[in-house]
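Trainee: Could you take me through one part of this model in close detail, and then set it beside a few other places in the chain?

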Amino acid sequence: MVEKEIMEKAKQWLNPPFDEETRARVAQMIEQDPKELTESFYCDLEFGTGGLRGIMGVGTNRMNIYTVGMATQGLCNYLKNNFKHLPEIRAAIAHDSRNNSTLFANVAAQILSANGIKVYLFDALRPTPELSFAIRTFKCQCGIVVTASHNPKEYNGYKVYWEDGGQIVPPHDKGIISEVKAISSIEQVNFKGNDNLIVKVGRELDEIYLNTLSTLSLSPDIIEKYRDMPIVYTPIHGTGVNLVPMALRKFGFKNIITVDEQCVVDGNFPTVASPNPEERATMQMAIDKAIKTNAEIAMATDPDADRVGIGIRKPNGEFTLLNGNQAASILIYYILKKWHEHNRITGNEFVVKTIVTTDLISSIAHGFGVDCYEVLTGFKYIAEKIREFEGVKKFIAGGEESYGYLYGDFVRDKDAVISCAMFAEIAAWAKSQSKTLYDILSDIYREYGLYKEHLISLTRKGIDGLAEIKAMMDAFRSKPPQTIGGSKVTSIIDYQNQVFVDVHTGKEKHTNQPKSDVMQFITADGTKVSVRPSGTEPKIKFYIGVKGTMAANDDIDTALAKLDKKIETIVAELNLR
């Protein structure tokens, strides 16, 4: 039995201005599929701080041209209020390879232009970082990218960017959300586009983007020597299909081996269960090809090419995957080492990482005399930090544990295109010393200490689950652990209440971060446990980071196995099994 309120909401979709296909599907659900009807209409798809994301289909709780339309009209209203002093408001739009992404991008372009906003619309799918680059190049006030990143094929999404090329942050996120919520009816949306205000963006911007990225290369002489080094790459049916191989060639690499089956642009992602390069199963075809072709490195980008998974060869010939913390550490280590060699470090540079990303990055940065800033989870906060210091300090690079990295400040979001080029360059640099990326990671651990991180996500669904997650967070605040893994807790950071507590002295200081429902516990031996509810799923996440040392005769696996035991102890202590 469908609730009366849901049924009334659904019946509104049985008449114009909703199109015939939509009306027919709603009528079918009313007659035959009450469960799907309820799922599709029981609430409105929420426009959150990152934009929209949801399952595609008809209904108020689904991604479709009408929910996209209402979100876009709300965005238009905010832009017109916020930039009324400008003679022209500009926006850039890109999309990924997902089903309906082109449709949603075109709908957004029509609505923006109908509201008098000039639109720079990419003529085909493009990586998300190129959208950020386009905003800055065309001096736009905002940007939209239609993508659901690495979510399953049923999903699509819509992310909003601001004039600096970074994703929206306070106060603009809240302002846009307020305007979107004010759109209560599809009649409030102006779909009648003005084609005179829509400019198609093509290969000319690709060239500018790639030429700009190529200036970031730090070892062109080494690349020239190892230009035929085999490199395996897969776009996993996504937007990296053209730009990543082009970037690698622009850097000087000649032997780029692609996984042809996964170079077919397809929003159904037919060769993988999930298009997430964090998962070995997703990268398996690339790894198999790398073994077969004796490649030095295997790389896979997610559908919108902002995140990258890296496979590297071990001494025994097997391929292992770097996690996001390891990859970010290698990237930042290499860049800083080269900047140091080129006398480019003056003491006025900085890198950025998120609060749940490995502290190894901080150790590396400090070793080179470079500041390392921490920001809340989400690359938009890294972009915000770059903007904060614009013209004052020089941003070098940033990274987060969830496989997103950025080198240079031409783009203000994680960029898998430049990341792929740089990881290939690092592999060539290692080869020039008769080393592999695995050896470079060993060198880093020996010089800066051994770090191991582990993430545990506990799913708690429904209303009861939300209450349980809240109770867990409340318990950590009211009765924080005194020891973790046998080491005394020395610092407690409560980001919700914006307070850092020195447990020994009882002294408190401000976190200098925005409010966020995160707790961190740091112990005397350098262990760090971070706890936060997921912002997008019914989960509570525990990030466990431990430290140790790596003996000269240890290999990575042996050394990390010792830290794994420590992590197991902490998991048991916190009842996270």
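Mentor: A residue counts as buried when its relative accessible area is under 20%, and with that cut-off in hand we can look at Thr354 in this predicted model. Thr354 belongs to strand β12, which covers residues 349–354, and because its relative accessible area is 0%, Thr354 is buried. The side chain of Thr354 makes a polar contact, at 2.5 Å, with the side chain of Thr357. Once neighbours within four places in sequence are set aside, the residues in contact with Thr354 are Glu374, Val375, Leu376, Thr377, Gly378, Ile382, Gly399 and Glu400.

Another strand residue to set beside this one is Leu52, which lies in strand β1, residues 51–55, and is buried with a relative accessible area of 5%. Not counting residues up to four places away in sequence, Leu52 touches several residues, among them Leu45, Phe47, Met63, Val68, Gly157 and Tyr158. Leu52 and Val199, by contrast, are 147 residues apart in sequence, and their C-alpha atoms are 24 Å apart in space.

Turning from strands to a helix, α15 runs over residues 416–431, and its 16 residues reach 22 Å from the first C-alpha to the last, close to the 22 Å expected at 1.5 Å a residue. Of those 16 residues 15 are buried, so α15 is largely enclosed by the rest of the structure. The N-terminal end of α15 is capped by Asp415, which has a side-chain oxygen 2.8 Å from the backbone nitrogen of Val417.

Conventions
Residues numbered from 1 in each chain as written. Predicted model: local features only at pLDDT ≥ 70, side-chain atom pairs only at ≥ 80, totals over all residues. Heavy atoms only, no water. Helix = DSSP H or I, 4+ residues; strand = E, 2+ residues; numbered from the N terminus. Expected span 1.5 Å × (residues − 1). Buried < 20%, exposed > 50% of the residue type's maximum accessible area, 1.4 Å probe, protein only. Polar contact = N/O pair within 3.5 Å; in protein donor to acceptor, adjacent residues only side chain to side chain. Contact = heavy atoms within 4.5 Å.
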